[in-house]
Every structure is written in C-alpha cells, then in structure tokens.
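Me: I have a structure to go through before I get back to the bench. Can you take my questions one at a time?

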Amino acid sequence: MKRVVITGMGIYSCLGNGLDAVRQSLYDGKSGIVFDQARKDMGFRSALTSYLEVPDLKKELSRSQRVYMPEQAKYAYVATAEALKNAGIDQDYLNANEVGLLYGNDSSAEPVFRSITTMLEKKDTTLVGSGGIFQSMNSTVTMNLACIFKLRGINLTVSGACASGSHAIGLGTLLIRNGLQEMVVCGGAQEVNPYAVGSFDGISAFSTREDQPTKASRPFDRDRDGLVPGGGAATVIIESYESAVRRGAPIIAEVIGYGFSSNGDHISVPNVDGPSRSLQMAIKDAGIDIREIGYINAHATSTPVGDRNEAKAIYNVFRDYNVEVTSTKSQTGHEMWMAGASEVIYSTLMMKNGFIAPNINFENPDEDSAKLNIPSKRVSKKFDTFLSNSFGFGGTNSTLIIKNL
C-alpha cells in the first residue's frame with residue numbers, strides 16, 4: 001500500500017489566523033477563551049466561548065460565491081487557502097489533477113435558524129433566498145470548497161460528531177493507501193455562533209467558571225466542571241509519498257496509523273472499551289512499539305466523565321510507559337467538528353518545533369489523571385511520533401498516529 005504524507009497545513013483558530021500565530025500561542029500557553037455577554041443575554045447558563053472573528057472575504061471571493069457560505073465555510077476557505085499555499089499547490093495543479101476533498105462538519109445551525117425565522121415572520125419562502133439552501137446543509141463546507149477550488153476527486157462531508165475532522169484524515173489516508181486518490185484535502189470546521197451550541201448549554205455541558213474565562217477549560221483537572229465551546233477550521237493536505245516526491249513538495253510528516261471504533265453504548269456518555277480499541281487499532285496499523293510515541297494529544301474536553309474514561313483508556317494501553325499527555329483544549333476549548341484536524345496541526349507544530357504545549361489549568365489530578373504524565377508547563381522535547389485522539393457523541397472514536405519526516 002502507498003505511504004501517505006502531509007504536505008500542507010492551514011488553520012483559522014482562536015489561537016490565531018495561520019500557522020505562525022498558532023505556533024506562538026501554543027508555545028506561550030495562551031488561552032483563546034472569552035466571556036460573551038450576548039450569550040448571557042440569550043439566557044445561556046454559561047457565556048463562555050472561544051473568540052473568533054468571521055473573516056471578510058470580499059476581496060477574495062465574488063458575492064455569488066460568498067452568498068452560499070455560512071460562517072464555518074468561511075473559516076474553512078481561509079484554512080484551505082493557507083494549506084494549499086503551504087503545500088505548493090496552485091490552481092493550475094488543481095485544474096489538471098483529480099484532488100479529493102473530505103471535510104468534517106456536523107452542523108450548520110445559524111442558517112437554519114435564519115431561514116425558519118424568515119418563513120415564520122414573513123410568511124413567504126421566497127424571501128429565504130437561494131443561499132439559505134446551501135448554507136444550511138451539513139455538506140455546506142465541502143460543496144463550497146469543491147466549487148471554489150474546482151476540486152474534482154472525491155467530495156464528501158464526514159459527519160462524525162467531535163471525531164469528524166480526525167475521521168476525515170483517516171478516511172483520506174485509506175483512499176490514498178489503496179490507490180483511489182493521489183491527494184485529498186482533509187479537515188474539519190465548526191461554527192462558533194450561539195445557535196449551534198444552545199442545546200449543549202441546556203444539558204449543563206459547559207463550564208460555568210465565568211469569572212475566570214481563561215481558566216474554565218481544564219482537562220484532566222479534578223475541579224473541571226464542563227467544556228467550553230470553540231471552533232474555526234483546520235485543513236491538512238495529504239497525498240501519496242510518490243506524488244509528493246514527484247511534485248518536489250515539502251513533506252512535513254507521515255500518517256502511519258488510523259484506528260477507529262464505536263462504543264456501542266450510551267449516546268453521550270463515553271466508556272473505556274471503545275477508546276481503548278481505537279488506540280490499539282491505530283498502534284497496530286502503524287506497526288510500531290508504543291515507546292516510539294513521544295506525545296499524546298488527548299481528546300479530553302474538560303468534562304468529568306469523559307476525561308476520566310479517556311485517562312483510563314490511555315493507561316490501559318500505555319501502562320508504565322509514562323509519555324507526556326496533554327489536551328490542547330485547555331487553550332482552545334472544544335473545537336468539536338474541527339478538533340480532530342486542528343489537533344493534528346497543533347501536535348505537528350509542536351513536533352516540528354521541539355516542544356509540548358502545556359495542559360494549562362491542570363492544578364490537581366484526580367484518581368485517574370494522576371496515573372498519566374500531564375505537564376502543566378511547556379516541555380522542551382524533541383519527538384518524532386505522536387498520537388491524537390478524537391471521540392464523539394454516539395460513541396464514535398478515531399485515533400491518528402503521525403510520524404515526523
């Protein structure tokens with residue numbers, strides 16, 4: 001089977017717009033979490049969120065292109081443009097080759113809300129506008145990116161809850177390994193507007209540490225009280241090793257392992273068995289000894305049960321191998337459909353620059369996290385392989401293993 005390498009990355013995150021800004025924020029342990037008064041005015045229990053500005057694309061895209069794009073598609077466009085540039089890919093290359101597209105997205109709430117509000121208030125469906133159709137579909141990101149960049153390979157949205165972005169990269173890897181695609185644009189996007197997460201707030205999923213926004217997301221900490229919603233977009237260009245060499249492309253890293261599983265259990269409460277099997281499958285797929293893994297980017301979202309069960313799963317697999325484990329969600333909050341892709345980028349930036357970002361706000365371990373090596377301060381460390389976990393509602397699990405090249 002063909003080897004699969006990463007040749008481009010791009011990101012639009014609460015940690016910064018672009019790879020350089022994000023790398024610096026990771027290095028500094030900067031938080032992107034703020035208090036949003038508008039959410040409080042809407043009746044939210046928690047007004048905490050990551051902070052992002054919706055990019056103004058008037059100078060880059062025509063009005064006819066922008067009208068079909070909801071918030072998360074705009075993030076994805078910016079991230080993808082950077083990733084393609086990073087990979088040395090121009091429009092002539094895209095026009096001449098069948099480049100695929102697999103992107104994680106599992107909601108488009110604000111356009112649905114706006115369309116229904118218009119229908120109810122105006123009693124006239126024609127006032128919704130043609131853009132409402134394409135903005136409101138879960139496949140909105142892939143349909144917009146495919147049309148803007150004229151991509152002619154596979155065109156598919158991966159809708160796997162908070163594992164969506166990770167599964168997109170994993171599935172793209174399988175396609176390339178088996179010779180069905182030479183190159184796939186992969187990633188994940190998440191809208192940040194309040195309409196997308198109001199129901200999460202309604203089931204008390206969010207931290208209410210509103211007086212200290214930057215300290216609210218605290219994965220693995222004993223005193224965690226819920227997650228903080230985040231979002232943006234992250235794009236990873238993957239292609240066969242042969243394609244990268246032929247293009248003279250900058251090879252950043254290699255995707256060597258993909259594992260997946262389903263818990264087959266509760267719809268919202270994760271267990272230990274499912275994540276453990278995902279980890280084990282990825283390690284087996286990579287064909288490496290666990291001691292070759294120099295860092296684990298945990299899914300840990302700062303929820304009491306989720307963090308505890310992931311800590312148990314990691315310990316079940318790694319036992320006495322005390323590798324560093326952190327969750328970058330301590331800085332970003334939970335980027336949901338985007339997280340599996342963004343955390344691959346965060347981890348790759350650390351790997352290429354010889355450090356591990358701190359698991360900020362980790363002050364007191366609980367019984368399970370105490371068994372893991374979770375640094376609360378930045379660690380200077382050279383490592384060549386990392387593992388990244390992403391788990392989602394419905395019990396979908398994805399694990400990726402990436403090796404430096």
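Reply: What follows covers cysteines, the core and a pocket. This is a predicted model, where local features need pLDDT of at least 70, side-chain atom pairs count only at pLDDT 80 or more, and totals for chains, interfaces and linings use all residues. Residues are numbered from 1 along each chain as its sequence is written, and side-chain values use heavy atoms, with hydrogens and water left out.

Me: How many disulfides?

Reply: The count is 0 disulfides, a disulfide being a pair of cysteine sulfur atoms within 2.5 Å. For Cys 162, the nearest cysteine sulfur is that of Cys 14, 15 Å away.

Me: And why is Cys 186 not bonded?

Reply: Because the closest cysteine sulfur, in Cys 147, is 18 Å from its own, too far for a bond.

Me: Is Cys 186 buried or exposed?

Reply: Cys 186 is buried, at 0% relative accessible area. Buried means under 20% and exposed over 50%, with partly exposed in between (1.4 Å probe, protein chains only).

Me: OK, the core. Which residues have the most contacts inside the largest one?

Reply: Among them are Ile 6, Tyr 77 and Ile 238, in a nonpolar core of 73 residues. Such a core is a set of buried Ala, Val, Leu, Ile, Met, Phe, Trp, Tyr and Cys residues joined through side-chain atoms within 4.5 Å.

Me: What does Ile 238 touch?

Reply: Its contacts (heavy atoms within 4.5 Å) include Val 4, Ile 169, Met 183 and Cys 186, leaving out residues up to four places away in sequence.
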